[in-house]
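The following exercises are to be solved with the sequence and the three-dimensional model at hand. Each task is followed by a solution in steps.

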Amino acid sequence: MQKPLLTLLATTGLLLAPVALPQTAWAQRVVNVSPGLDSQNVLPETSISGQFDPGTGPAVDPTSVRVLVNGRDVTNRSTVTRSFFTYRPDQPFPPGPVQVQVEYRNVNGEQRTASWAFNVQQPQAAIQVNSVTHNATSNALAPGATFFATVNGTPGAQASVLLIQNGRTVRELPTQEVSPGVYVATLTVQASDRIDEGIVIGRLQRQNQTTYGVAPQRVVFSATTGGPGTTPDTTSPTTPTTPTTPTTPTTPTTNELRPRFTSHQTGGQVQGRGFRLVGQTRPNANVRVTVTSRVSVLGVVNLGSETLVDRDVTANNDGRFEIEVPAPRIPIPGTRYTVRATARSGTETAPATEITLTQN
């Protein structure tokens with residue numbers, strides 16, 4: 001199969017169809033250019049490249065190659081060989097057309113010029129979900145009632161609402177933009193739709209961007225008939241439990257620099273919005289703590305990861321250190337936290353300690 005190519009006549013600089021060229025003009029060709037000829041919506045961070053194909057003629061003289069982008073000579077910032085060239089700009093291209101011209105000679109001194117253009121896309125503002133709400137907050141919805149979920153966020157996006165039912169199934173609800181940035185999904189509750197604990201997630205998508213938001217209140221659908229709101233949520237609110245007091249650690253050896261967590265153990269669970277980490281290391285040591293959260297619902301819906309903590313704390317005279325971990329942007333049951341700590345004392349650095357926790 002013939003390669004896509006740019007074939008140019010010596011001295012003219014005109015793009016010519018390959019079938020119109022005499023055999024001598026096939027001596028050098030620029031092929032497999034990137035971005036392609038007249039490409040649209042090219043990312044601003046793109047690099048420019050192409051290959052030299054001498055065909056049956058003399059080879060390209062790499063010392064003669066000049067690469068010009070929008071009329072500016074960028075050869076000294078390009079990589080050029082006998083077979084190819086590539087240029088990566090120091091800064092992203094601005095939106096609009098970009099003109100590329102490559103001038104070169106073959107080893108016989110014959111001049112060639114290839115040129116083409118592509119178009120860089122306009123920058124896009126990041127889409128965001130501002131809030132997710134629904135009408136099944138205080139009272140359970142009974143069969144026959146209408147469930148409403150509303151997502152507020154960036155206008156003009158493609159929206160959907162995901163209903164996580166009792167932590168077992170994901171149901172996608174059709175969603176419409178009823179006004180700029182306001183997206184609504186509805187569902188008529190059926191007797192088979194009983195939900196003791198549901199989670200509502202709003203999803204917005206636009207081109208290559210996707211973002212999520214979660215409603216802070218759980219969803220409850222009752223199996224009892226009688227219309228909306230007739231079956232109140234009688235579940236007694238769970239009294240926040242005081243985290244189990246960890247066994248008082250024995251006084252560590254003063255040479256024990258590697259940090260260990262005394263408030264949590266790997267595989268443990270955390271409750272509520274945010275939690276406190278407590279640990280032990282050498283007295284007055286500096287501890288670098290990083291905490292990241294990752295949300296994956298039922299192993300199907302990946303809501304992404306988030307860095308919650310990335311900073312240094314100093315242990316006290318007893319070697320104790322602690323740090324508050326804020327709630328993630330999407331604090332739903334099943335959120336997985338990766339906690340990593342590294343301690344330093346003087347010129348000594350201890351091996352890192354890492355534990356994983358799960359949101360209850």
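Helices (H or I, at least four residues) and strands (E, at least two) are DSSP runs, numbered from the N terminus. The model is predicted, so local features need pLDDT of at least 70 and side-chain atom pairs count only at pLDDT 80 or more, while totals for chains, interfaces and linings use all residues. Residues are numbered from 1 along each chain as its sequence is written, and side-chain values use heavy atoms, with hydrogens and water left out.

**Exercise 1.** Determine the secondary structure content of the protein chain and the share of its residues that is buried.

*Solution.* Step 1: the protein chain has zero helices and 30 strands. Step 2: burial is judged by relative accessible area, with buried under 20%, exposed over 50% and partly exposed in between (1.4 Å probe, protein chains only). Step 3: of the 360 residues in the protein chain, 41% are buried.

**Exercise 2.** Describe the open sheet that contains β24, and identify its edge strands.

*Solution.* Step 1: two strands pair if DSSP finds at least two bridges between them. Step 2: the open sheet consists of three strands in the order β22-β24-β27, paired antiparallel. Step 3: the edges are β22 (260-261) and β27 (320-325); each has a single partner strand, so one side of each lacks a neighbour in the sheet. Step 4: β24 (residues 275-280) is joined to the antiparallel β27 by six bridges. Step 5: Phe275 has Val325 in β27 as its bridge partner.

**Exercise 3.** Characterise the surroundings of Arg276, a residue of strand β24.

*Solution.* Step 1: the relative accessible area of Arg276 is 43%, which means that Arg276 is partly exposed. Step 2: contact means heavy atoms within 4.5 Å. Leaving aside neighbours within four places in sequence, Arg276 is in contact with Ser263, His264, Glu322, Ile323 and Glu324. Step 3: Arg276 and Glu322 lie 46 residues apart in sequence, with 7.0 Å between their C-alpha atoms. Step 4: a polar contact is a pair of N or O atoms within 3.5 Å; within protein, one must be able to donate a hydrogen and the other to accept it, and residues adjacent in sequence count only if both atoms are side-chain atoms. The side chain of Arg276 makes such contacts with the side chains of Glu322, at 3.4 Å, and Glu324, at 2.4 Å.

**Exercise 4.** Is Asp53 buried or exposed, and which side chain does its own side chain contact?

*Solution.* Step 1: Asp53 is located in strand β4 (residues 48-53). Step 2: Asp53 counts as buried because its relative accessibility is 15%. Step 3: the side chains of Asp53 and Arg29 form a polar contact of 2.7 Å.
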